[in-house]
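Colleague: I am new to this model and would like a close look at one part of it. Please take a single helix and walk me through its residues and what they touch.

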Amino acid sequence: MSTLSYLAAEVAESKAKGYGAIGYGLAAIGPGIGVGIVVGKTIEGIARQPELQGTLRTTMFLGIAFTEALALIGLVAGFIF
């Protein structure tokens, strides 16, 4: 392997290292917004009907879990690609 091709491979490898962090940062934006919407709507629902607080809270935590699963998939995808 010549020196020039070795240097080109090193530069390409060093540039690609930062893309995983950028990808995960972008992947975390969506779930962050989603969790904010879920919690906000749950608070609105509890304010309107306080007697459904337990049911709404359970549903909220379920929605947060599904939304955070997207963030974890984004994290794994950042490491894979």
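Modeller: What follows is a look at helix α2, after a few words on the whole chain.

This is a predicted model, in which local features need pLDDT of at least 70 and side-chain atom pairs count only at pLDDT 80 or more, while totals for chains, interfaces and linings use all residues. Residues are numbered from 1 along each chain as its sequence is written, and side-chain values use heavy atoms, with hydrogens and water left out.

The chain has three helices and zero strands, and along the sequence the pattern reads α-α-α. Helices (H or I, at least four residues) and strands (E, at least two) are DSSP runs, numbered from the N terminus. Of the 81 residues in the chain, 12% are buried. Here buried means under 20% relative accessible area, exposed means over 50%, and partly exposed is in between, with a 1.4 Å probe and protein chains only. The chain exposes about 6200 Å², of which carbon and sulfur atoms supply 72%. Such areas come from the Shrake-Rupley method with a 1.4 Å probe, and for residues only the protein chains shown count as cover.

Helix α2 covers residues 19-48, and I37 is in it. I37 also belongs to a nonpolar surface patch with I22, L26, I29 and I33, and together these residues have about 510 Å² of accessible area. A patch is made of residues with over 30% relative accessible area and no salt bridge; like charges are joined within 9 Å, and nonpolar side chains (Val, Leu, Ile, Met, Phe, Trp, Tyr) within 5 Å.

Next comes V38, also in helix α2. V38 counts as partly exposed because its relative accessible area is 24%. Leaving aside neighbours within four places in sequence, V38 is in contact (heavy atoms within 4.5 Å) with M60 and I64. The C-alpha atoms of V38 and T59 are 9.4 Å apart, although the two residues are 21 residues apart along the chain.

V39 lies in helix α2 as well, and is partly exposed at a relative accessible area of 26%. Not counting residues up to four places away in sequence, V39 touches M60 and I64. Between the C-alpha atoms of V39 and I64 the separation is 8.1 Å, with their positions 25 residues apart along the chain.

T42 is another residue of helix α2. With a relative accessible area of 10%, T42 is buried. A polar atom of its side chain lies 2.8 Å from the backbone oxygen of V38. Beyond its neighbours within four places in sequence, T42 is in contact with L56 and M60.

Helix α2 also holds a charged pair. K41 forms a salt bridge with E44, with the closest N and O atoms 3.8 Å apart. The term means a side-chain nitrogen of Lys or Arg within 4 Å of a carboxyl oxygen of Asp or Glu, and by this rule the count is one. K41 and E44 are separated by about one helical turn because they are three residues apart in helix α2. K41 is exposed at 53% relative accessible area, whereas E44 is partly exposed at 41%.

Last, a view from helix α3 (residues 53-80), where T67 lies. T67 is buried, as its relative accessibility is 13%. Apart from its neighbours within four places in sequence, T67 is in contact with P31, G34 and V35.

Conventions. Polar contact = N/O pair within 3.5 Å; in protein donor to acceptor, adjacent residues only side chain to side chain.
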